[in-house]
Amino acid sequence: MSWSNIKWIFLREVRDQLRDRRTIFTIVVLPLLLYPLLGMSFLQVAQFQREHATPVLLLGASAFPDSPPLLADDAFAKEFCPEKEANLLDLTVKPSLPENVTAEQLPSWAEERIQDGEYDAIVYFPTEFATKLMEFRQSIESSSEPKKSEEAGVTQATPGPQLFLNTASDKSRIARDRVANVLRRWRETIVAENLVDRQVPLIATKPFQVVSTDVARERSRRAAVWSKILPFVVLVWALTGAFYPAIDLCAGEKERGTMETLLCSPAQRSEIVWGKLLTIMTFSVATSTLNLLSMGITGAFVMTRIVAMAGDAAHIAIGAPPLAAVGWLLLALLPLSALFSALSLAIAAFARSSKEGQYYLMPLLMITLPLMMMPLMPSVELDLGMSLIPVTGVMLLLRTLIEGRYVEALLYVVPVLGVTALCVLLALRWAIHQFNDESVLFRESEQWGLGIWFRHMIRDRSDTPTVSAALLFGALLLVFRFVLSLFGGLPDSWDGYATVTAVSLVATIGLPAIIFAVIFTRNASQTLLLHVPRLTTLPMVVLLAIALHPLAFLMSDIVTQLYPFSPEVTGQLHVMQRLIDRAPNAWMVLLVLAVTPAICEELAFRGFILSGLRHMGHKWLAILVTSVLFGAAHSVIQQSLTACVMGVILGYIAIQTGSLLPAILFHCVHNSLAMLLSRFHEALPDLIAQYPIVGFFVTASDQGPAYQWPTVVLSVWLTIRTLQWFGRQQYEHTREESRQEALDHQATNVSARFVVNESCGQS
Amino acid sequence: MIQVHELTKSYEDLRRGAFVALAGISFEAQAGQIYGLLGPNGAGKTTALRILSTMLQPTSGFATVNGCDVLTQPALVRRQIGFVSTNTAVYDRMTAWEMVEYFGRLYGLQPDHLRERMDSIFARLQMNEIRNLLGAKMSTGMKQKVSIARAIVHDPPVLIFDEPTSGLDVLVARALLNTVAELRDQGKCIVFSTHIMREAERLCDRIAIMHRGHILAEGTHEELSDRNDEPDLEELFFQLISQHDQCDVDTLASLTS
């Protein structure tokens, strides 16, 4: 790749976009205009709303007790309703029910009035309210035994006022709150009078009070608010800011017919994609930053105005966002806008026209919005599982940083950035692939139907599956596993556990792989790598599995120490472990937990999926994607990580040996070792006592067995040597891999060859 | 300069399965020569030229440009060709000068050298008045000039023109053909596709008559006339095509009977 070409492409695309009126409008003009306009209208609406008092109807005023008086001059008395609150209530007082409305008809009458909007709330005091209240008071005064008074209170409960409101309407709820406030104060006064009558000190109603002190400093309080709002807004704009330029840069270029002009230039596809990616990223970051600035300035201005209007700033604690928060936000914007840009680019490269490209915005939003929303939920915290989810991980990391929990953030920086970088690279690969794929570049609209497509898939199938068929199959496997997990409870016996495990492995992984290979490929045995390998590979693969075991053991140990299992998962694992330990027959355990998964998973992952993905033309990319799918198929996230690494080795073995058998054998031995170790570790201390030399390699503690460092060193050395042996095996390239190798080879020598050719031409 | 051997290309078609656009064509073109591909629409001319310009990958067979394989050394091939087709448009939001300069830079030309090159090309193609005109404001003829300037800015040994005169008026077309002839005289190897007999007759040193993915006849104009005893290219063209179609009908009939 030549950086100067990327630079020229980048500069051209940026200039091209800047000359486009639409881009300038959406990126610069819109945010600069939008927020001030929104802020202005918000202020006006707020003013408008404040000046309106809520109409409330109070019925049955004649039934009020004389003391304490709730009303004064057809309004609430000052002591229960300060003037500020009284201004917000437009109170209509009627002494009793309206004519020709009985108490039974009242609910429907009130409903009509509120629906009509005549009143926001209606309060009705029953006619006997005052008398009952009086009776109640007298009954407590007359009774000498406090116990009796309680009984009297229960039996002679005063019929309370009825409040009618419509909870579906905000205005009605506001009216309820305002009236309820007044009535509460009134009730408290009545209680106080009752107590005074009984000569009980007022303090008796409140034996203690809870004092809450906010330990959060003012800065972190503000941060808490901003850490939820800002990232969301900024990310939505980062996505939008990436998507529209991407459409113009790819689909638009196809539409205007300049794509072929660019493609026949000497710029390589990867250079074109990088140049375009940088352009899209620039606009994504710029859009987002401008929106952030404009929103921040407008927001600060509007807030000060609102605070001024409200008169007290106590309950509106949002000031300007802390500078550190903005800094972290801008830093997090880079990986995220890289991710969004790469995704948009890949999608836009696929689109035939700008119009088609616009259709893809919705699915993209549908996928990314939940990922952005998830961190807004209060219970979601940054942990290993969350950090591995693209977008969500970065958002959570950002939140942790803004809240100032740096140590916690540091622990997850690597997984979060790693996953993001992986996604960016995959999206870029995909985009480059599209730029190389003539069927995407010169796609013409074709009549599409499910039936036609299915027939085409079977009629025009090739020896091994296509890349998309492999990915589709991988996605289907994950869906199968997910659906199965919805039904699966934990079986309570070993037989039940063995049956469920074996059946689910065969039914959702092994069998589908065979069926897909038979239906959708011409050569199922080539797809599933059902070839006899060179015999020497078999002992080597067993050696590798044994050599690798201490390392794998160490790795899963490190993973679980860094990211511990949740209590539920630990419980489930314990139950399973007990079932396995109590299994009557060790051979059955190996059959169910080593042989069956080895065969089924290898058929699906190293068989169908890897064969299909190798058509991408990059051996390691194919292995990596297969391994990620393989990891994802494991339900416990800590296991997924180790499975992913094992998947890389399995994929390498399958490709280097050209056969599935070594991979199955490796998988089988690997699982068996883990099983045997856990089953027989209890015998280990005796063994060490008998043969002290064993203790040099393995120790047994309460936590279970562990390998000593000499074993680990030996393991590393042996693993490297065996892997080198596999590396020396001649493997069969796919057509795409051979071409890619030739392309990679020529790409490095372009200038040299060109000079030679030119001189040849001249001579 | 250009060698094409048994080149085939088939497209995946959802309904019909594989659709054969090129059914194994072979030809050779030399430096200082204009090689014409003459054929009706859908003959496979554009497909053949797109393979030569590395836009498409052949299904089988091979093609080399100046010794470089189009399938495995596309970057080398692209450095040595200039490609002008109806599908290689000019950028709307770039001026003529910027556009040619941009491609010159992608070819890795040094700034001084590039400026000299561009000055001489702009003068030769009489493009100085449209130097600062945006692509969106240009007429079809002006755009075609920019395309040619773009294709020759790096002084490639091979030039590929896919129906360059389509949509041009007679005057501009004539000027363009003169330019192509001049480029041949400078020793370039030129592949030129067209469906207009007069152009092929006037310009091409060798002609291949294409139809439905096959080359029906190939040679200089004289060779073709002598071989088929028909001096008029247009008559010859119709003869060959109807013969070929008749053959297809016969094979079909023999298959069905």
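Here are a few questions and answers about salt bridges and burial in this predicted model.

The model is predicted, so local features need pLDDT of at least 70 and side-chain atom pairs count only at pLDDT 80 or more, while totals for chains, interfaces and linings use all residues. Side-chain values use heavy atoms, with hydrogens and water left out.

Q: What makes A:Arg15 and B:Glu98 a salt bridge?
A: Happy to show you: a salt bridge is a side-chain nitrogen of Lys or Arg within 4 Å of a carboxyl oxygen of Asp or Glu. The closest N and O atoms of A:Arg15 and B:Glu98 are 3.6 Å apart, so the pair fits that definition. This pair crosses between chains, from helix α1 (residues 3-18) of chain A to helix α3 (residues 96-106) of chain B; helices here are DSSP runs of H or I with at least four residues, numbered from the N terminus.

Q: Why is B:Glu98 called buried?
A: Buried means under 20% relative accessible area, exposed over 50%, and partly exposed in between (1.4 Å probe, protein chains only). B:Glu98 has 13%, so buried is the word for it. Its partner A:Arg15 has 32% and is therefore partly exposed.

Q: How do you know that A:Arg113 is buried or exposed?
A: A:Arg113 has 18% relative accessibility, so it counts as buried. A:Glu118, at 42%, counts as partly exposed. The side chains of these two residues meet in a salt bridge at 3.5 Å, N to O.

Q: Why does the pair A:Arg352 and A:Glu356 count as a salt bridge?
A: The N to O distance is 3.8 Å, so the pair qualifies.

Key
Residues are numbered from 1 along each chain as its sequence is written. Chains are lettered from A and ligands numbered from 1 in the order in which they are written. Helices (H or I, at least four residues) and strands (E, at least two) are DSSP runs, numbered from the N terminus.
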